Amino acid sequence: MERRTIGAAALDVGAIGLGCMPMHWAYSRSQQRGDRSLRTVHAALDAGVSLLDTADMYGPFTNELLLGRVLKERRADAFVSTKCGLLVGDQHVVANGRPGYVRRACDASLRRLQTDVIDLYQLHRADPEVPVEETWGAMAELVSAGKVRALGLCAVGARSGRRGAGRDGYEGTIRQLERVQQVFPVAAVEAELSVWSQEALARLLPWCAARGVGFLAAMPLGSGFLTGTLTPGGGFEPDDPRARHPRFTAEMMAANQPLVAGLRRVAARHGADVTPAQVALAWVLGRGRHVVPVPGAKRERWAVENAAAASLRLTAADLTEIAALPAPRGSWD
């Protein structure tokens, strides 16, 4: 697989990563099986994927434990990205950015992952009650201690799920980034980016490019919609976030089918085995050499298919057709 670099430290990773959240958090929990997820991680590594993106809250803790079983055997094949800063309660998630907690969380993640160093340690969310500089300073100490190689920040999205929210795009995230850059360099930013969620292209992606910061594209397949495998009106499990998302109502999924149809047309020009999902990932890869899409997957088949997208090269005609696709709609549009 093509290799790409993250941040000024030139951290080397495969061009496409593996998002591990669906294995143990949200997204059809009845389909979450440890043995199958274990095979999926191994299959991704075999296909050239190296960046494994997880967090202590996924489960919570169970995803890191599963990855630890893989890393015990294949640490040299993997680039480990995990996150801290969110605590999971029975019915809620809260931020915790206190320096003491950050240090304890890192040590706990290292134990679960069965490794002596985390390649990329990300702040999942800033704690509104703790200056972000204090949290970031504690994370920087972990780099000095040799427990972490580089630091990253998860962006607060341009859409928060409420009508009218997020109109300032990623302005809040950029302000946070500029503050923490004064404390210790940011190696990577993780934020949503896909054919149907392009808000990061306006300011966040250029901000990263101008400063040599890597960009981890979360949800590059539109939470599964751009794969073309979801049926409008098919429904979701009650605890699946798509059950409450304004783009996943039956009406809006039907209205957004022209997006999937366009990706299918492009895929057909590249061969019978090329899928809409691979076209969507190739589009994300084309946004810049500092961009690494991190599609989530629970099954071996999808992880291998996603990895193969790294070799797909879209033509100028393909890109023109994708650019002309109708803007995605949500129930508030």
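Which residue in E11 is the bridge partner of Glu190? It's Leu216. This is a predicted model, and that pairing is a handy way into its sheet. Eight strands, written here in sheet order, make up an open sheet: E3-E4-E5-E8-E9-E10-E11-E12, with parallel pairing. At the edges sit strand E3 (18-19) and E12, each of which pairs on one side only.

**Strand E11 up close**
- Strand E11 covers residues 214-218 and is mostly covered, with 5 of its 5 residues buried.
- Gly214, Leu216 and Ala218 point one way from E11, while Phe215 and Ala217 point the other way.
- That fits a general pattern: in a regular strand, side chains alternate between the two faces of the sheet.
- Whichever way they point, all of these E11 residues are buried.

**E11 and its partners**
- On one hand, E11 pairs with strand E10 (residues 188-192) in the parallel sense, over 5 bridges.
- Leu216, the partner of Glu190, is also one of the E11 residues that point the same way as Gly214 and Ala218.
- E11 also pairs with strand E12 (residues 291-294), again in the parallel sense, over 4 bridges.
- Here Ala218 has Val294 in E12 as its bridge partner.
- As a general point, strands of a sheet pair through backbone hydrogen bonds, either parallel or antiparallel.

**The link through a helix**
- E10, helix H7 (residues 204-210) and E11 come together as a right-handed β-α-β unit.

**Elsewhere in the sheet**
- Strand E8 (residues 118-123) and strand E9 (residues 148-154) pair in the parallel sense over 5 bridges.
- Leu120 has Ala150 in E9 as its bridge partner.

Note on methods. Residues are numbered from 1 along each chain as its sequence is written. This is a predicted model: local features need pLDDT of at least 70, side-chain atom pairs count only at pLDDT 80 or more; totals for chains, interfaces and linings use all residues. Side-chain values use heavy atoms; hydrogens and water are left out. Buried means under 20% relative accessible area, exposed over 50%, partly exposed in between (1.4 Å probe, protein chains only). Helices (H or I, at least four residues) and strands (E, at least two) are DSSP runs, numbered from the N terminus. Two strands pair if DSSP finds at least two bridges between them. A crossover is right-handed if, with the strands pointing away from the viewer, the path from the first strand over the helix to the second runs clockwise.
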